[in-house]
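Me: Please take a close look at one helix pair in this model. Describe how the two helices are arranged and which residues form the contact, then place the pair in the whole protein.

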Amino acid sequence: MRIVIIGAGFAGMYAALSSARLRDIRGVSPEELEIALVSPEPTLVVRPRLYEPKPETMTAPLRDVLAAIGVAYVQGRAEAIDTRSHSLDLIGADGARRSLPYDRLIVAIGSRLFRPNIPGLAEYAFSVDQLDDAIALDRHLHGLASRPVTQARDTVVVAGGGFTGIEAATEIPSRLRAILGSGTKPRVVIVERNDAIAPDMGAGPRPIIEDALRELGVETRLGVGVAALDKDGATLGNGERIDCETVIWSAGMRAAPFSAQIPAERDNFGRLLVDRELRVTSVPGVFASGDAAKAACDDVGNHALMSCQHATRMGAFAGHNAAAELLGLPTKPYHQKAYVTCLDLGTAGAIFTRGWERKVEMVGAEAKKTKQEINTVWIYPPPAERTKALASADPERVTDL
Ligand SMILES: Cc1cc2nc3c(=O)[nH]c(=O)nc-3n(C[C@H](O)[C@H](O)[C@H](O)COP(=O)(O)OP(=O)(O)OC[C@H]3O[C@@H](n4cnc5c(N)ncnc54)[C@H](O)[C@@H]3O)c2cc1C
(Lines give C-alpha, C1' and ligand atoms only; values in the text may rest on other atoms or scores of the structure.)
Protein backbone atom coordinates (compact mmCIF):
# COMPACT_ATOMS: atom_id res chain seq x y z
CA MET A 1 0.00 0.00 0.00
CA ARG A 2 1.26 3.47 -0.78
CA ILE A 3 0.28 7.03 0.18
CA VAL A 4 1.68 9.68 -2.14
CA ILE A 5 1.78 13.30 -0.98
CA ILE A 6 2.35 16.05 -3.57
CA GLY A 7 4.02 19.14 -2.09
CA ALA A 8 6.53 19.89 0.67
CA GLY A 9 4.81 22.97 2.07
CA PHE A 10 3.07 23.26 5.41
CA ALA A 11 0.22 20.93 4.41
CA GLY A 12 2.47 18.33 2.74
CA MET A 13 4.95 18.28 5.61
CA TYR A 14 2.18 17.67 8.18
CA ALA A 15 0.43 15.12 5.97
CA ALA A 16 3.69 13.15 5.93
CA LEU A 17 4.23 13.48 9.68
CA SER A 18 0.67 12.60 10.56
CA SER A 19 0.29 9.58 8.27
CA ALA A 20 3.64 8.27 9.58
CA ARG A 21 2.41 8.88 13.14
CA LEU A 22 -0.70 6.74 12.67
CA ARG A 23 1.34 4.02 10.94
CA ASP A 24 3.73 4.05 13.90
CA ILE A 25 0.92 3.95 16.50
CA ARG A 26 -0.57 0.87 14.77
CA GLY A 27 2.82 -0.86 14.59
CA VAL A 28 2.71 -1.04 10.77
CA SER A 29 6.07 -1.10 8.96
CA PRO A 30 7.12 1.30 6.16
CA GLU A 31 7.28 -1.76 3.87
CA GLU A 32 3.59 -2.55 4.47
CA LEU A 33 2.48 1.08 4.19
CA GLU A 34 4.84 3.18 2.11
CA ILE A 35 4.56 6.97 2.38
CA ALA A 36 6.19 9.05 -0.37
CA LEU A 37 6.41 12.83 -0.58
CA VAL A 38 6.96 14.39 -4.01
CA SER A 39 8.27 17.93 -4.45
CA PRO A 40 10.82 19.76 -6.58
CA GLU A 41 13.13 20.37 -3.59
CA PRO A 42 13.51 18.60 -0.21
CA THR A 43 12.93 21.88 1.61
CA LEU A 44 10.10 23.78 3.22
CA VAL A 45 9.92 27.27 1.78
CA VAL A 46 8.89 29.49 4.67
CA ARG A 47 6.56 31.58 2.54
CA PRO A 48 5.23 33.71 5.41
CA ARG A 49 8.74 35.22 5.71
CA LEU A 50 9.34 36.07 2.08
CA TYR A 51 8.68 39.79 2.62
CA GLU A 52 11.67 39.99 4.98
CA PRO A 53 15.30 40.80 4.05
CA LYS A 54 17.57 37.85 3.05
CA PRO A 55 14.76 35.76 1.51
CA GLU A 56 17.33 33.21 0.28
CA THR A 57 17.63 32.05 3.90
CA MET A 58 13.88 31.37 4.29
CA THR A 59 13.94 27.62 3.73
CA ALA A 60 14.21 24.68 6.10
CA PRO A 61 15.63 21.25 5.15
CA LEU A 62 13.20 18.31 5.24
CA ARG A 63 15.31 15.32 4.12
CA ASP A 64 16.48 14.37 7.63
CA VAL A 65 13.10 14.67 9.31
CA LEU A 66 11.43 12.65 6.51
CA ALA A 67 14.13 9.96 6.82
CA ALA A 68 13.69 9.90 10.62
CA ILE A 69 9.97 9.09 10.28
CA GLY A 70 10.37 6.63 7.39
CA VAL A 71 8.87 8.79 4.63
CA ALA A 72 10.47 8.44 1.19
CA TYR A 73 11.36 11.73 -0.51
CA VAL A 74 10.83 11.68 -4.30
CA GLN A 75 12.38 14.64 -6.10
CA GLY A 76 10.14 15.81 -8.92
CA ARG A 77 7.11 17.70 -10.06
CA ALA A 78 3.68 16.13 -10.55
CA GLU A 79 2.63 16.72 -14.14
CA ALA A 80 -0.40 14.55 -14.82
CA ILE A 81 -2.65 12.05 -13.10
CA ASP A 82 -4.81 9.11 -14.07
CA THR A 83 -7.36 8.99 -11.25
CA ARG A 84 -8.93 5.78 -12.60
CA SER A 85 -5.74 3.71 -12.51
CA HIS A 86 -4.43 5.62 -9.45
CA SER A 87 -1.20 6.68 -11.14
CA LEU A 88 0.72 9.94 -10.93
CA ASP A 89 3.10 11.14 -13.67
CA LEU A 90 6.21 12.93 -12.42
CA ILE A 91 9.02 14.83 -14.07
CA GLY A 92 12.17 14.13 -12.07
CA ALA A 93 15.04 16.53 -11.37
CA ASP A 94 16.86 14.99 -14.39
CA GLY A 95 13.90 15.77 -16.67
CA ALA A 96 12.89 12.11 -16.96
CA ARG A 97 9.21 11.17 -16.77
CA ARG A 98 8.06 8.34 -14.50
CA SER A 99 4.84 6.98 -13.04
CA LEU A 100 4.13 6.55 -9.37
CA PRO A 101 1.12 4.41 -8.44
CA TYR A 102 -0.80 5.34 -5.30
CA ASP A 103 -3.51 3.88 -3.09
CA ARG A 104 -4.22 7.25 -1.52
CA LEU A 105 -3.06 10.62 -2.88
CA ILE A 106 -2.82 13.86 -0.90
CA VAL A 107 -2.75 16.99 -3.04
CA ALA A 108 -0.85 19.62 -1.03
CA ILE A 109 0.48 21.77 -3.87
CA GLY A 110 -0.22 25.16 -2.31
CA SER A 111 -0.97 28.34 -4.19
CA ARG A 112 0.45 30.90 -6.60
CA LEU A 113 0.05 34.62 -6.91
CA PHE A 114 -2.62 35.55 -9.45
CA ARG A 115 -1.18 37.81 -12.13
CA PRO A 116 -3.95 39.32 -14.25
CA ASN A 117 -3.39 40.40 -17.81
CA ILE A 118 -2.48 44.02 -17.06
CA PRO A 119 -0.12 45.77 -19.51
CA GLY A 120 3.46 45.61 -18.25
CA LEU A 121 2.71 43.42 -15.21
CA ALA A 122 4.57 40.34 -16.44
CA GLU A 123 7.65 42.41 -17.36
CA TYR A 124 7.89 44.93 -14.55
CA ALA A 125 6.18 43.65 -11.38
CA PHE A 126 8.03 41.95 -8.56
CA SER A 127 6.42 39.86 -5.83
CA VAL A 128 7.09 38.09 -2.53
CA ASP A 129 5.10 35.00 -3.50
CA GLN A 130 7.62 32.22 -4.18
CA LEU A 131 11.25 31.92 -3.10
CA ASP A 132 12.62 32.93 -6.52
CA ASP A 133 10.28 35.93 -6.67
CA ALA A 134 11.41 37.19 -3.27
CA ILE A 135 15.09 36.70 -4.16
CA ALA A 136 14.57 38.61 -7.44
CA LEU A 137 12.96 41.51 -5.53
CA ASP A 138 15.77 41.54 -2.97
CA ARG A 139 18.43 41.65 -5.74
CA HIS A 140 16.54 44.45 -7.44
CA LEU A 141 16.35 46.47 -4.19
CA HIS A 142 20.11 46.05 -3.68
CA GLY A 143 20.66 47.03 -7.32
CA LEU A 144 18.93 50.36 -6.68
CA ALA A 145 22.02 51.46 -4.74
CA SER A 146 23.97 51.79 -8.00
CA ARG A 147 21.26 53.81 -9.77
CA PRO A 148 21.09 57.62 -9.88
CA VAL A 149 19.39 59.10 -6.82
CA THR A 150 15.88 60.11 -7.87
CA GLN A 151 12.48 60.08 -6.17
CA ALA A 152 11.44 57.26 -8.53
CA ARG A 153 14.39 55.13 -7.37
CA ASP A 154 13.21 55.50 -3.77
CA THR A 155 9.52 54.88 -4.55
CA VAL A 156 7.83 51.49 -4.22
CA VAL A 157 4.25 50.82 -5.29
CA VAL A 158 2.57 47.83 -3.63
CA ALA A 159 -0.46 46.63 -5.58
CA GLY A 160 -2.90 45.00 -3.13
CA GLY A 161 -3.58 46.08 0.44
CA GLY A 162 -4.36 42.66 1.96
CA PHE A 163 -2.18 40.82 4.48
CA THR A 164 0.78 40.20 2.19
CA GLY A 165 0.71 43.67 0.64
CA ILE A 166 0.67 45.33 4.07
CA GLU A 167 3.51 43.17 5.39
CA ALA A 168 5.60 43.86 2.28
CA ALA A 169 4.83 47.61 2.32
CA THR A 170 5.52 48.17 6.02
CA GLU A 171 8.85 46.34 5.79
CA ILE A 172 10.07 48.35 2.79
CA PRO A 173 11.04 51.65 4.50
CA SER A 174 13.59 49.98 6.81
CA ARG A 175 14.75 47.60 4.05
CA LEU A 176 15.41 50.48 1.67
CA ARG A 177 17.16 52.57 4.32
CA ALA A 178 19.41 49.61 5.13
CA ILE A 179 20.34 49.32 1.44
CA LEU A 180 20.37 52.97 0.30
CA GLY A 181 21.54 54.70 3.47
CA SER A 182 19.85 55.95 6.62
CA GLY A 183 19.27 59.40 5.11
CA THR A 184 17.06 57.96 2.33
CA LYS A 185 13.40 58.96 2.39
CA PRO A 186 11.57 56.03 0.82
CA ARG A 187 8.10 56.64 -0.58
CA VAL A 188 5.79 53.63 -0.35
CA VAL A 189 2.29 53.65 -1.86
CA ILE A 190 -0.25 50.85 -1.37
CA VAL A 191 -2.88 50.70 -4.13
CA GLU A 192 -6.01 48.80 -3.09
CA ARG A 193 -9.12 48.28 -5.22
CA ASN A 194 -11.41 48.07 -2.20
CA ASP A 195 -12.47 51.21 -0.38
CA ALA A 196 -10.60 50.21 2.77
CA ILE A 197 -7.12 48.97 3.56
CA ALA A 198 -6.90 45.33 4.77
CA PRO A 199 -10.37 44.55 3.40
CA ASP A 200 -10.52 41.12 5.09
CA MET A 201 -9.55 42.41 8.54
CA GLY A 202 -12.82 44.20 9.30
CA ALA A 203 -13.41 47.44 11.16
CA GLY A 204 -11.88 46.50 14.56
CA PRO A 205 -8.19 46.17 13.69
CA ARG A 206 -8.23 48.67 10.81
CA PRO A 207 -7.55 51.88 12.79
CA ILE A 208 -4.42 50.25 14.27
CA ILE A 209 -3.17 49.34 10.80
CA GLU A 210 -3.97 52.84 9.53
CA ASP A 211 -2.05 54.39 12.46
CA ALA A 212 0.95 52.18 11.68
CA LEU A 213 0.88 53.20 8.00
CA ARG A 214 0.76 56.88 9.04
CA GLU A 215 3.66 56.38 11.47
CA LEU A 216 5.75 54.80 8.69
CA GLY A 217 4.69 57.39 6.11
CA VAL A 218 3.15 54.70 3.87
CA GLU A 219 0.59 56.30 1.52
CA THR A 220 -2.57 54.57 0.30
CA ARG A 221 -4.72 54.88 -2.80
CA LEU A 222 -8.08 53.20 -2.14
CA GLY A 223 -10.94 52.27 -4.47
CA VAL A 224 -8.61 52.20 -7.46
CA GLY A 225 -6.44 49.57 -9.14
CA VAL A 226 -3.14 49.54 -11.03
CA ALA A 227 -4.07 49.77 -14.72
CA ALA A 228 -0.65 49.55 -16.37
CA LEU A 229 3.04 49.26 -15.59
CA ASP A 230 6.06 50.35 -17.58
CA LYS A 231 9.75 50.61 -16.84
CA ASP A 232 9.34 54.06 -15.25
CA GLY A 233 6.33 53.46 -13.03
CA ALA A 234 2.66 52.64 -12.56
CA THR A 235 -0.53 54.20 -13.92
CA LEU A 236 -3.66 53.81 -11.83
CA GLY A 237 -7.22 53.28 -13.09
CA ASN A 238 -8.08 56.93 -12.36
CA GLY A 239 -5.16 58.16 -14.47
CA GLU A 240 -2.81 58.96 -11.58
CA ARG A 241 0.80 58.35 -12.47
CA ILE A 242 3.35 57.18 -9.90
CA ASP A 243 6.95 57.23 -11.09
CA CYS A 244 8.81 54.39 -9.42
CA GLU A 245 11.45 51.77 -10.09
CA THR A 246 9.75 49.08 -8.00
CA VAL A 247 6.25 47.63 -8.09
CA ILE A 248 5.35 44.69 -5.84
CA TRP A 249 2.29 42.77 -7.05
CA SER A 250 0.34 41.34 -4.17
CA ALA A 251 -3.26 41.11 -5.29
CA GLY A 252 -4.84 37.67 -5.11
CA MET A 253 -3.96 33.98 -4.93
CA ARG A 254 -4.96 30.87 -6.84
CA ALA A 255 -4.39 27.17 -6.14
CA ALA A 256 -1.20 25.91 -7.82
CA PRO A 257 -1.69 24.91 -11.48
CA PHE A 258 -1.62 21.14 -10.90
CA SER A 259 -5.05 21.36 -9.22
CA ALA A 260 -6.53 21.73 -12.72
CA GLN A 261 -5.36 18.15 -13.47
CA ILE A 262 -7.76 16.70 -10.89
CA PRO A 263 -11.16 16.00 -12.48
CA ALA A 264 -13.13 17.58 -9.63
CA GLU A 265 -15.13 20.64 -8.69
CA ARG A 266 -13.13 23.78 -7.79
CA ASP A 267 -13.99 27.19 -6.37
CA ASN A 268 -13.12 30.56 -7.97
CA PHE A 269 -9.61 30.32 -6.53
CA GLY A 270 -9.01 26.93 -8.17
CA ARG A 271 -9.21 25.17 -4.79
CA LEU A 272 -10.49 21.60 -4.83
CA LEU A 273 -13.77 21.09 -2.97
CA VAL A 274 -13.32 18.55 -0.19
CA ASP A 275 -15.60 16.88 2.36
CA ARG A 276 -15.12 17.11 6.11
CA GLU A 277 -12.52 14.30 6.00
CA LEU A 278 -10.68 16.29 3.28
CA ARG A 279 -11.49 13.79 0.51
CA VAL A 280 -11.80 15.43 -2.89
CA THR A 281 -15.45 15.15 -3.73
CA SER A 282 -16.11 12.60 -6.48
CA VAL A 283 -12.48 11.43 -6.96
CA PRO A 284 -11.94 8.17 -5.05
CA GLY A 285 -8.63 7.87 -3.21
CA VAL A 286 -7.69 11.56 -3.46
CA PHE A 287 -7.45 14.00 -0.53
CA ALA A 288 -6.52 17.70 -0.69
CA SER A 289 -5.31 20.12 1.93
CA GLY A 290 -3.73 23.52 2.49
CA ASP A 291 -4.08 26.37 0.00
CA ALA A 292 -5.19 23.90 -2.70
CA ALA A 293 -8.35 22.83 -0.86
CA LYS A 294 -11.60 24.52 0.07
CA ALA A 295 -12.62 22.95 3.38
CA ALA A 296 -15.22 23.78 6.00
CA CYS A 297 -13.49 24.14 9.33
CA ASP A 298 -16.56 24.21 11.58
CA ASP A 299 -20.32 23.70 11.45
CA VAL A 300 -21.21 27.38 11.37
CA GLY A 301 -20.04 28.25 7.88
CA ASN A 302 -16.35 29.17 8.25
CA HIS A 303 -13.93 27.84 5.65
CA ALA A 304 -10.18 27.43 5.93
CA LEU A 305 -8.26 30.36 4.46
CA MET A 306 -5.10 30.25 2.41
CA SER A 307 -2.96 30.42 5.54
CA CYS A 308 -0.21 28.51 7.24
CA GLN A 309 -2.21 27.75 10.36
CA HIS A 310 -4.99 26.17 8.28
CA ALA A 311 -2.61 24.38 5.91
CA THR A 312 -0.68 22.78 8.76
CA ARG A 313 -3.71 21.37 10.52
CA MET A 314 -5.49 20.34 7.31
CA GLY A 315 -2.32 18.50 6.29
CA ALA A 316 -2.32 16.64 9.61
CA PHE A 317 -5.97 15.57 9.18
CA ALA A 318 -5.48 14.58 5.51
CA GLY A 319 -2.43 12.47 6.40
CA HIS A 320 -4.23 10.81 9.28
CA ASN A 321 -7.33 10.06 7.23
CA ALA A 322 -5.44 8.70 4.22
CA ALA A 323 -3.55 6.30 6.50
CA ALA A 324 -6.70 5.46 8.49
CA GLU A 325 -8.57 4.43 5.33
CA LEU A 326 -5.77 2.09 4.27
CA LEU A 327 -5.42 0.63 7.76
CA GLY A 328 -9.17 0.10 8.17
CA LEU A 329 -9.46 2.65 11.00
CA PRO A 330 -12.06 5.38 11.56
CA THR A 331 -11.32 8.75 9.92
CA LYS A 332 -11.53 12.11 11.71
CA PRO A 333 -13.47 15.12 10.42
CA TYR A 334 -11.23 18.18 10.06
CA HIS A 335 -12.20 20.99 12.42
CA GLN A 336 -10.41 24.15 13.48
CA LYS A 337 -12.14 26.55 15.82
CA ALA A 338 -9.20 28.73 16.80
CA TYR A 339 -8.23 31.33 14.27
CA VAL A 340 -5.70 34.06 14.89
CA THR A 341 -4.06 36.67 12.69
CA CYS A 342 -0.65 38.15 13.39
CA LEU A 343 0.16 40.88 10.93
CA ASP A 344 3.64 42.40 10.79
CA LEU A 345 3.72 46.20 10.58
CA GLY A 346 7.46 46.72 10.13
CA THR A 347 9.07 49.09 12.64
CA ALA A 348 5.55 50.07 13.78
CA GLY A 349 5.21 46.65 15.48
CA ALA A 350 2.46 44.15 14.68
CA ILE A 351 -1.16 43.37 15.43
CA PHE A 352 -2.49 40.09 16.85
CA THR A 353 -6.20 39.27 16.59
CA ARG A 354 -8.20 36.24 17.71
CA GLY A 355 -11.32 34.69 16.22
CA TRP A 356 -13.16 35.17 12.93
CA GLU A 357 -14.45 38.49 14.24
CA ARG A 358 -10.78 39.51 14.64
CA LYS A 359 -10.78 40.78 18.18
CA VAL A 360 -7.54 42.71 18.79
CA GLU A 361 -5.52 41.06 21.57
CA MET A 362 -2.07 42.59 21.15
CA VAL A 363 -0.51 45.50 19.30
CA GLY A 364 2.88 47.21 18.93
CA ALA A 365 6.02 45.68 20.40
CA GLU A 366 4.13 42.95 22.30
CA ALA A 367 2.47 41.66 19.10
CA LYS A 368 5.78 42.00 17.24
CA LYS A 369 7.45 39.67 19.74
CA THR A 370 4.75 37.06 19.04
CA LYS A 371 5.12 37.58 15.27
CA GLN A 372 8.87 37.01 15.53
CA GLU A 373 8.30 33.84 17.54
CA ILE A 374 5.75 32.58 14.97
CA ASN A 375 8.11 33.40 12.11
CA THR A 376 11.27 31.96 13.63
CA VAL A 377 10.02 29.01 15.71
CA TRP A 378 6.40 27.90 15.36
CA ILE A 379 6.21 27.50 11.60
CA TYR A 380 9.48 25.59 11.19
CA PRO A 381 9.57 21.78 10.83
CA PRO A 382 9.96 19.68 13.99
CA PRO A 383 13.43 18.31 14.80
CA ALA A 384 14.67 15.30 12.84
CA GLU A 385 14.08 13.03 15.85
CA ARG A 386 11.55 10.28 15.25
CA THR A 387 9.61 10.44 18.54
CA LYS A 388 9.43 14.24 18.74
CA ALA A 389 8.59 14.63 15.06
CA LEU A 390 5.75 12.08 15.16
CA ALA A 391 4.39 13.53 18.41
CA SER A 392 4.18 16.99 16.77
CA ALA A 393 1.63 15.74 14.25
CA ASP A 394 -1.39 14.74 16.34
CA PRO A 395 -4.11 16.25 14.13
CA GLU A 396 -6.19 17.27 17.16
CA ARG A 397 -3.31 19.33 18.54
CA VAL A 398 -1.57 20.82 15.50
CA THR A 399 -1.83 24.66 15.57
CA ASP A 400 -4.18 24.49 18.53
CA LEU A 401 -3.73 28.17 19.38
C1 LIG B 1 4.66 36.84 1.78
C2 LIG B 1 3.69 35.89 2.42
C3 LIG B 1 3.30 36.09 3.74
C4 LIG B 1 2.41 35.20 4.34
N5 LIG B 1 2.08 35.41 5.64
C6 LIG B 1 1.31 34.53 6.27
C7 LIG B 1 1.02 34.66 7.65
O8 LIG B 1 1.44 35.63 8.30
N9 LIG B 1 0.24 33.72 8.25
C10 LIG B 1 -0.24 32.65 7.56
O11 LIG B 1 -0.92 31.81 8.15
N12 LIG B 1 -0.01 32.48 6.23
C13 LIG B 1 0.75 33.40 5.57
N14 LIG B 1 1.02 33.23 4.24
C15 LIG B 1 0.35 32.14 3.51
C16 LIG B 1 1.06 30.81 3.69
O17 LIG B 1 2.41 30.92 3.31
C18 LIG B 1 0.36 29.76 2.83
O19 LIG B 1 -1.00 29.72 3.19
C20 LIG B 1 1.01 28.39 3.07
O21 LIG B 1 2.32 28.40 2.57
C22 LIG B 1 0.19 27.29 2.41
O23 LIG B 1 0.78 26.06 2.67
P24 LIG B 1 0.62 24.87 1.61
O25 LIG B 1 1.36 23.72 2.19
O26 LIG B 1 -0.79 24.70 1.25
O27 LIG B 1 1.35 25.40 0.30
P28 LIG B 1 2.85 25.89 0.03
O29 LIG B 1 3.50 26.35 1.28
O30 LIG B 1 2.72 26.84 -1.10
O31 LIG B 1 3.60 24.58 -0.45
C32 LIG B 1 3.25 23.95 -1.66
C33 LIG B 1 4.27 22.88 -1.99
O34 LIG B 1 3.82 22.18 -3.14
C35 LIG B 1 4.89 22.08 -4.08
N36 LIG B 1 4.28 21.90 -5.41
C37 LIG B 1 3.47 22.74 -6.09
N38 LIG B 1 3.11 22.21 -7.28
C39 LIG B 1 3.70 20.98 -7.33
C40 LIG B 1 3.71 19.93 -8.29
N41 LIG B 1 3.03 20.01 -9.44
N42 LIG B 1 4.43 18.81 -8.01
C43 LIG B 1 5.13 18.69 -6.84
N44 LIG B 1 5.14 19.65 -5.90
C45 LIG B 1 4.44 20.78 -6.14
C46 LIG B 1 5.66 23.35 -3.87
O47 LIG B 1 6.98 23.24 -4.41
C48 LIG B 1 5.66 23.41 -2.34
O49 LIG B 1 6.61 22.52 -1.81
C50 LIG B 1 1.89 34.10 3.60
C51 LIG B 1 2.28 33.89 2.27
C52 LIG B 1 3.17 34.77 1.67
C53 LIG B 1 3.59 34.53 0.23
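Reply:
**The α4–α5 pair**

Helices α4 and α5 are oblique to each other, because their angle falls outside the ranges for roughly parallel (under 35 degrees), roughly antiparallel (over 145) and roughly perpendicular (65 to 115). The model is predicted: local features need pLDDT of at least 70, side-chain atom pairs count only at pLDDT 80 or more, and totals for chains, interfaces and linings use all residues. Residues are numbered from 1 along each chain as its sequence is written, and side-chain values use heavy atoms, with hydrogens and water left out.

The axes of α4 (residues 131–143) and α5 (residues 163–180) cross at roughly 50 degrees and come within 9 Å. Axes here are lines fitted to C-alpha atoms, for helices over the stretch in contact, with angles from 0 to 180 degrees between N-to-C directions. Helices are DSSP runs (H or I, at least four residues) and strands likewise (E, at least two), numbered from the N terminus. The crossing of α4 past α5 is right-handed, that is, the near helix is turned clockwise from the far one by less than a right angle.

On α4, the contact (heavy atoms within 4.5 Å) involves Leu-137, Asp-138, Leu-141 and His-142, and on α5 Ile-172, Arg-175, Leu-176 and Ile-179. Five of the contact residues are nonpolar, one is polar and two are charged; Leu and Ile count as nonpolar, Asp and Arg as charged, and His as polar.

As for the whole protein, there are nine helices and 24 strands. The C-alpha trace spans about 65 × 45 × 35 Å along its principal axes.
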